[in-house]
Each structure stands twice: as C-alpha cells, then as structure tokens.
Amino acid sequence: MVTAVAQRLLSQRKQVDDTLAHFSLNRDQLRVVRDKMRVELERGLRKDSHSSASVKMLPAFVFQTPDGTERGKYLALDLGGTNFRVLVVKIRSGIRKSVRMYNKIYAIPHEIMQGTGEELFDHIVHCISDFLDYMGMKNTRLPLGFTFSFPCRQTGIDKVNLVSWTKGFKATDCEDHDVVDMLRDAIKRRNEFDLDIVAVVNDTVGTMMTCAYEDSKCEIGLIAGTGSNVCYMEDMRNIETVEGDEGQMCVNTEWGGFGENGCIEDIRTKFDREVDEGSLNSGKQRFEKMTSGMYLGEIVRQILIDLTKRGLLFRGRITEPLKTRGIFETKFLSQIESDRLALLQVRCILQQLGLDSTCDDSIIVKEVCGAVSHRAAQLCGAGMAAIVEKIRENRGLEHLEITVGVDGTLYKLHPHFSRVLKDTVRDLAPKCTVSFVLSEDGSGKGAALITAVARRYCGGAQQQYLYSMRFSDETLLEIMSRFRRELEKGLSQDTNPTATVKMLPTFVRSIPDGTEKGDFIALDLGGSNFRILRVKVSHEKKQTVQMETEIYDTPEDIIHGSGTRLFDHVAECLGDFMEKHKIKDKKLPVGFTFSFPCAQTKLDEGILLTWTKRFKASGVEGMDVVKLLNKAIKKRGDYEADIMAVVNDTVGTMMTCGFDDHRCEVGIIIGTGTNACYMEEMRHIELVEGDEGRMCINTEWGAFGDDGMLEDIRTDFDRDIDRGSLNPGKQLFEKMVSGMYMGELVRLILVKMAREGLLFEGRITPELLTKGKFETKHISAIEKSKEGLSKAKEILARLGVEPSADDCIAVQHVCAIVSFRSASLVAATLAAILTRLKDNKHVPRLKTTVGIDGSLYKMHPQYARRLHKTVRRLVPECDVRFLLSESGSGKGAAMVTAWAYRFPGLGSGRHKF
Ligand code: BG6
Ligand code: BG6
Ligand code: GLC
Ligand code: GLC
C-alpha cells in the first residue's frame, strides 16, 4: 500500500522531473542546433544577409596566429570578463622565446559599468595610471593592446566601433563610438601619460592567440565564462564584408546573439524568457543567456522560484535571498555540482546564500543546477561542431585536426562542463578531431602578441599610409561615378576641349565579322616589347590566322632621342623583318598598333597628342605618326609599305578578342600603361559626324585625375612618383595603377618603413634608394601564394638588405596593398564603362565581353581574380566575360587593316570642327 506521504513524494518527484525535462536535449535536437548555427554563420559572412544575421561574424583584422618571431614590451588591458586587468607583457623571440607578464586586477564597480561612458573610461585610465606608478613606468610610451570583450565592428585592428554592450555593462554614449577614441580622450583628460594604442581585440581572439603561441594548430578561441563566444580563422574569400580574397582573417562570431531572430524558440524554456526579460539587454544574446556563467545561476534561480511557488521546494517559502538577482554565481553552481560534495555540504552552501534547505531540497537544487549546466555545455558543443565542420569544409579535408584555445570561469571551474562540451563535439562532428587547451595566461598575452604583429606592419604612422590605399566599395562606387562623368565630358563637343579623359574616336566601327582575309604586317609599338608580325588570314572553309613574330629592341637613347631617329629605327626594324621573311618585294598592307594617345580623323592618320609611359622622343607630339613612318621608309628606299591603319593597343586587343567572341565590345590594357576602349553609339560621339551605328572610342583613361579629380585618394607616394616621371602632372590615374609605376610605389613605401625602423632593422641600402630597383615583376613574384616569401627574401637580398622572416611578411603585405589598389581602381573605371554600355542599350542586364591584355594582368598571380571579383561586386547587373588576348594586339590591328583594305575611304569621317 502506498502511503499518502510516499504518494506526495512521488508526485513531487514527477513534477520536478517534468520541469527539468525541458532542459534535456536529445541528439536530434542538438543536430538541429548545430545546423541552424551553421546557417547563421554563413548568413553573417555574406554581404547580403550580414545586416540581418543574428550571429554577426565580425572581422577581427588579425590575419595570422603567432609564429614565434614576435618581440617587444607591451601594455595590455583586459576588460569584459569577471576581472578587469592591466598587464605588462614582455615577449622575446628566437631561441630564448618566452613571455613574461605582470598584472594587477582592478574592480569595476556596478555604478561605473552602468554609468556614463566618460566615467567608465576615466576609471580605466585611473587604473592604468595606478599600474604604471606601481611598475615605475609612467614615462615610457608603451604600445597598448586592449582586450575589449564586447561585439565591435572593426575596419582595422585599431578602428573599432562598439556595436552594443553585452553582459553586465551598460555605460551610456559608448555604443556606435570608437573604443580607441574613447580611451584616447580619457588619457588626454587625465593628461598624465601617453600610450600608443595599437590593437583592440575580443577576448576570444586574445585567447586563441595566447594558445596558438604554444600550439600552432590552435585556430579557434572559445570563451565559456561570464559571456559565451567563439572566434576562428576564416578564409578571406568567404568573408564578403571585407575586401580581399587572399589568406585568412580571424572572425569574431559573437555567437551569443544566436537565436535573436527566433530560430531557437523551440528549445527556449519559460525560464530562459524570464531571465531574458530581467536582463539589461532583453531580446538580445539569447544563446549567451542559455550558455554562459552570468545567466546560468539566474536560470537556476527562476526554476527554484517556480518549484517553491508550487510547494515543491523550501517548504513553499519564497525568501528574500531567492528573490535576489545574481545570487547564484557560477562558482556556487560549480561547487554544488561537484561530485565530491556530500549533500550536507550542498546544504551548507545554500545556507551561506541564505536559503534554508532540507535534505530533499538540496537534492533537487543539485539536479536543477545539473540540468541547466548540462544543457549549456551541450549547446556550446553543438555550436562548436558547426564551426569545426565549416573549417573542415573550407579546407576540403576528409578529416580535420584542430585545437581550440579556451578560457572562462565556467569552463575552468565547473566540474562537468568541459567533459559534456567535448563529448558533444565528438558526437556531432565525427570528421574532426578537436583538442581543447586551456588558456593559462588569459587573453592579455594574446592581445600583446597581436599588438606586436600589428605594430610590425600596420602600427603607428605607417598604418595611415597603408590604410589610405585600401578602398571600401563606397569609395570605389564614388570613383566609378566620377569616371562616368568624365566619359560624358569627353564625348560632348562643348566640354571635350577641357576634358582630361580625351575619349578619342578611332574610326573602327565594328568588331571582326569573320569575313576578313589577306596577308598583313602589323607593328606593335608602345608596350613592354616592340613587335613586328606577319598575319595571314585565310578564308577557306573556316577563317584561320597564321602569325609570325619578331621582337625588336627599343633602346632608351632612341625612345628619348629625336623623333627622326625613332622612326628611322622603326623603319629599319621593319626592313629587317621583311628581309628575314623574304617579303621585301611585296607591298603588304600594314597595321600600326601605336599605344599612345592619338587624335584621328580617319583610320590611317594618328596625330600624337602627348607621349606617355617611357617614351619622350622630340618633335613627334602634334605630328601624324603615319606620315613620320612613311617618310622614314621612303628615305630608305629599299622597300615599300602601305600603312592602312593606326590603332591603339586597347583597340587592337578588343579586335583580337572580338575575333573569338563576337560579344567583345571593350578592350583594356593593364601593362606598362593602362587604358580602355569600348564601342560607343555614334549619336553620342559629338566630335564625329553621323548618328548611325557605333564607333570604338579610345578613352585614354590613364589621364583620369589630371584635373585634380583624384586628389582625395592620391598619397604622398603617388605624388613622389609623379614628380620623378617623364610627364609630371599627367597620366595620374595610370601612375596609380599600371606596371610601369607599381614597383616604384612599393620601393618608396619600403624606404619610408625602413626609415621609421619598421623594416630591415632600420637599414637602408644604396640599392634600396635607387629608382627602378624594385620592379612590378617582383611584386608578382612576392605575391605568389606558395613561394612568395622565399621570393621576397631573394629579391630583398639582391637589394642588399638581409630581411628577417617578419620583413618578408611585411613586404608581401605592402605589395598586396599596392596591387590590390590597382585592381580596385581599374574595377571602378571599368564598371563605369559597363554601366554606360548598359544604359546605351537600354537593357536591365548587360551581357558582354571585355578583351584584356598587359603584363601586369597576365603575370600577377592574384590580379585578374581580384579585378573580376570587384567588378562583379560593383556592377552586379552586368554579366561580364573577361577574355585574355592570347596573341597580342597585332592580330586585331591586322583585322582593322583588312577592313580598311577592303573598303578604302570608308575608314574616315569628318570631324565636326
Ligand atoms: C580571462 C581572459 O582569462 O577570461 C579574459 O583574460 C576573458 O579576456 C575571461 O574575458 C573570460 O572569462 P570570465 O569567466 O572572466 O568571463
Ligand atoms: C601586348 C600587346 O600583348 O600587350 C601590345 O600586343 C600592348 O599592343 C601590350 O601594348 C601591353 O602590355 P605591356 O605589359 O607590354 O605594356
Ligand atoms: C559576450 C561578448 C563577447 C565576448 C563574450 C565572452 O558575448 O559580446 O564579445 O567575447 O561575452 O566574454
Ligand atoms: C598609355 C597610353 C595608351 C595606351 C596605354 C596602354 O596609357 O597613353 O594609349 O593604350 O598606355 O599601353
């Protein structure tokens, strides 16, 4: 017979079990959590969904984990966990590699956490001041790394805007403000000492770095403490919110926000909702509120209140302590759950908290704590499974081995949390072997390591000049619209005379139509090589092209001498070519690719407006280059030639590519120089009569900015390059972009960095100071992903500097910034041409092909991909095919010649003035 007492006990048991059942998650439920987390990770990374994603995936601007070469003495702050710490960190590299730290813990009173921003930062600076006094370091201006454990939107390692406070902080006037500015202002207000604030990092990032210093497999940082969060090394190509594709960057997931969009409501209990409602940031950080130390005790308290109200606990009496928010700290939870603790001791702990309990009560309290912390560990495990699986897939691995660096009181103090977490990860990510290492030294050490690296290549003053070379999409869109206006200005009759982008009519009216045939000679002058070609286009069943090429020298004294000598040289080479190919007796039609800005009124006339790039022969500007060449040939008298067409290399390239792809209507060169041509509607070309059909316009975009239009993005290095060039004040866009100048740009930056002691231990060699010693082809070699660093070492050694491993990384970084800037700028101007074509055609989407040539585009390992990607981002409404001209512009020049030969006289058109 069951007694009434036993029945009551049974029913009590059942009610408690029913309540706690809501906290037990089975394997399927956890898998769903893992998969939802994965979806949110992806959403946070993608540009289109980032703003509405609950897991923010904030770029941390940390590009690599430590490699042991870091060194120096740093100050570190660690704010946002249980303790606020100020530290000095001394890092040694080399054989004596070590890290020594001295720290002091300071309290941050509640009223300051939730007071004004000024009070909070004044308090922080007060603590720093005390620490510097204590260490006797007030007069040294140390670099500072700041662990700031809150979600921040970064645009650089020291450009850090607080998104929103989390956990126990709620100081006013901080959200949306720059953390570095707020700290700097407070330092100024105190006016006692100065600091060089180099880096701000999240605690997860600091923790990952601390652990990675010992274990290079550590590429994830986890905090299970007051708050809950994870960071990991993500591939740059997946982080759409940051420009650039190469390498990796650490992403601070801020997974605490998971579920803010309601996606885990099915597993949230009424207790979770109550905790949320009573918190400082209700509705926010829902995952954090189910998993982290600051809230687990609160969930326990809510359950205890509920059970007490239902008469199942504490004899039904809700006492004052039970009503007190925050009394169940993580440490009590950890103690209560300890297996070694007898029930009597549990009762003692409850007693300390002011809760008078029976033996049964203490059993129930222990169960409640267990249910809540077990769920927390499982949820973290499910989230971690999503992260490691993502990394495994990124790397295309069957199996991933990886280490997670962990910190936080919950992980460290709780008796079961870490075991349940690991079991869950093992279960939900079977293709990954995940090791967890505890961060013994806190995140301050990691922050100092990051500071060491950041200072190495982007700290202090040089950060500004390197940063000003990186453009956001907003800036690129602005440049694109400026260039769009330049196009219009150059086309219109009224504004053309003062336009910098000349928009030169070329009298080429269509791309090859497949009927061209004949035997031609093409000259190709103005790129890195002077070429002469014989191009035979036959037209039996199918059109086929046969080409024979010779490359000739163009020595400096000739291209900088008199025009007569230059054209004599060209005529001499042509004679040699005809001799070699036994065609001296034939009068073959000649197409002349002359890659300089020429005014044309017909196909076989080209009045040189101005020399660009390396050329500066006298007496040619203002003259018709066809006449000059004819004169030189006549003077020789040993052969005859019929120059039928002069074409710019962009036009030759468009025609070469147009031969294979009829959609091709743009030609661009990214080589020694840079330029573009495209097919414009005749009705818009006010300089040439006639409204029907289209004509190719040679934009001469290299001159973009010659009227000051790009001053806001030009740097002092660009100004230096311009001053030292053959044509100061001209071709300013070209000088920021093209191969002739890029190597020199890098050289100037390296000299400056070396002068500031940031490279080569401050050593500057005569070679490094010599103009032209660093070439664009070196940039291409250094940016190669595999052997880039060893190439850097080789190239720098040839410049007489003995680069350290750090130096090589830094130089690679500089090269990437300069070449990336070039690709971004070309993307912006090309995007302007594409939108113009689209508008001309009145179509909602433009499908087109761009023919491209030039050594920079062809040789640089990343250039093409960066360019294509940026164009697609800037003009998503255009489907662009980029077609590399495999056979140079000579073939295209022959196509134009074929046309001119077939329809003599048609290749002209009167200028309106
Ligand atoms: C410390 C780190 O060890 O752990 C802090 O140095 C971090 O940066 C903290 O915020 C997290 O744990 P808790 O439990 O103090 O929030
Ligand atoms: C070549 C073309 O392939 O590329 C030339 O035939 C053109 O006409 C040249 O000028 C541009 O590239 P670079 O790098 O030689 O200036
Ligand atoms: C909170 C913060 C986050 C931090 C975590 C651990 O989730 O938003 O930035 O990493 O707590 O301290
Ligand atoms: C320079 C020339 C231009 C040429 C380009 C690429 O910008 O002015 O005509 O197309 O270089 O070679």
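## Cavities

The second largest cavity in this predicted model comes out at about 90 Å³. Its lining is made up of 15 residues, and those closest to the centre are Ser149, Lys167, Asn229, Glu254 and Glu288. Searching the whole structure turns up six cavities of 30 Å³ or more.

Two of those central lining residues, Lys167 and Glu288, come up again as contacts of Gly227, which also touches Ser292 once residues up to four places away in sequence are set aside. You'll find Gly227 in the loop between β9 and β10 (228-235). Is Gly227 buried or exposed? Its relative accessibility is 6%, so Gly227 counts as buried. If you want a sense of distance, take Ile105: it sits 122 residues from Gly227 in sequence, and the two C-alpha atoms are 19 Å apart in space.

## Around β12

Strand β9 (residues 218-224), which comes before that loop, pairs with β12 in the parallel sense, over five bridges. To locate the pairing, look for Ile223, whose bridge partner in β12 is Asp407.

β12 also pairs with strand β13 (residues 432-438), again in the parallel sense and over seven bridges. Here Leu400 has Cys432 in β13 as its bridge partner. How enclosed is β12 (residues 400-407)? Seven of its eight residues are buried, so the rest of the structure largely encloses this strand.

## A five-stranded open sheet

Further along the chain, five strands make up an open sheet with mixed pairing, in the order β17-β16-β15-β18-β21. At its edges are β17 (543-552) and β21 (642-647), each of which pairs on one side only. Ignoring direction, neighbouring strands are turned by 20° against each other on average.

The pairing of β17 with strand β16 (residues 530-539) is antiparallel and runs over ten bridges. One bridge to look for joins Ser538 to Thr544, the partner in β17.

Two helices lie across parts of this sheet. Helix α22 (residues 625-636) goes across β15 (518-525), β18 (589-594) and β21, at about 145° to β21. Helix α23 (residues 649-660) lies across β17, β18 and β21, and its angle to β21 is about 95°.

## Nonpolar cores

In soluble globular proteins, nonpolar side chains tend to be buried together. In this model, the largest nonpolar core holds 114 residues, with Ile668 and Leu867 making the most contacts inside it. Which helix gives the largest share of this core? That is α29 (residues 805-841), which supplies 18 residues.

Leu867 is a handy place to look at the packing. Leaving out neighbours within four places in sequence, Leu867 is in contact with Ile670, Ala823, Val826, Ala827, Ile852, Tyr857 and Phe882. There is also a second, separate core, this one of 104 residues, and among its members are Val201, Phe332, Ile391 and Val425.

## A buried histidine

His778 is part of helix α27 (residues 776-782). Why does His778 count as buried? Because its relative accessibility is 10%, and the cut-off for buried is under 20%. With sequence neighbours within four places left aside, the contacts of His778 are Lys773, Ile795 and Arg798.

Definitions and conventions
Residues numbered from 1 in each chain as written. Chains lettered and ligands numbered in written order. Predicted model: local features only at pLDDT ≥ 70, side-chain atom pairs only at ≥ 80, totals over all residues. Heavy atoms only, no water. Core = buried A, V, L, I, M, F, W, Y, C linked by side-chain atoms within 4.5 Å. Buried < 20%, exposed > 50% of the residue type's maximum accessible area, 1.4 Å probe, protein only. Helix = DSSP H or I, 4+ residues; strand = E, 2+ residues; numbered from the N terminus. Contact = heavy atoms within 4.5 Å. Pairing = 2+ DSSP bridges. Axes fitted to C-alpha atoms, helices over the stretch in contact; angles between N-to-C directions. 1 Å grid on protein atoms, 1.4 Å probe; cavity = no way out; pocket = protein on both sides within 12 Å on 5 of 7 lines; lining within 4 Å. Points joined across faces, edges and corners; volume = space filled by probe spheres on them.
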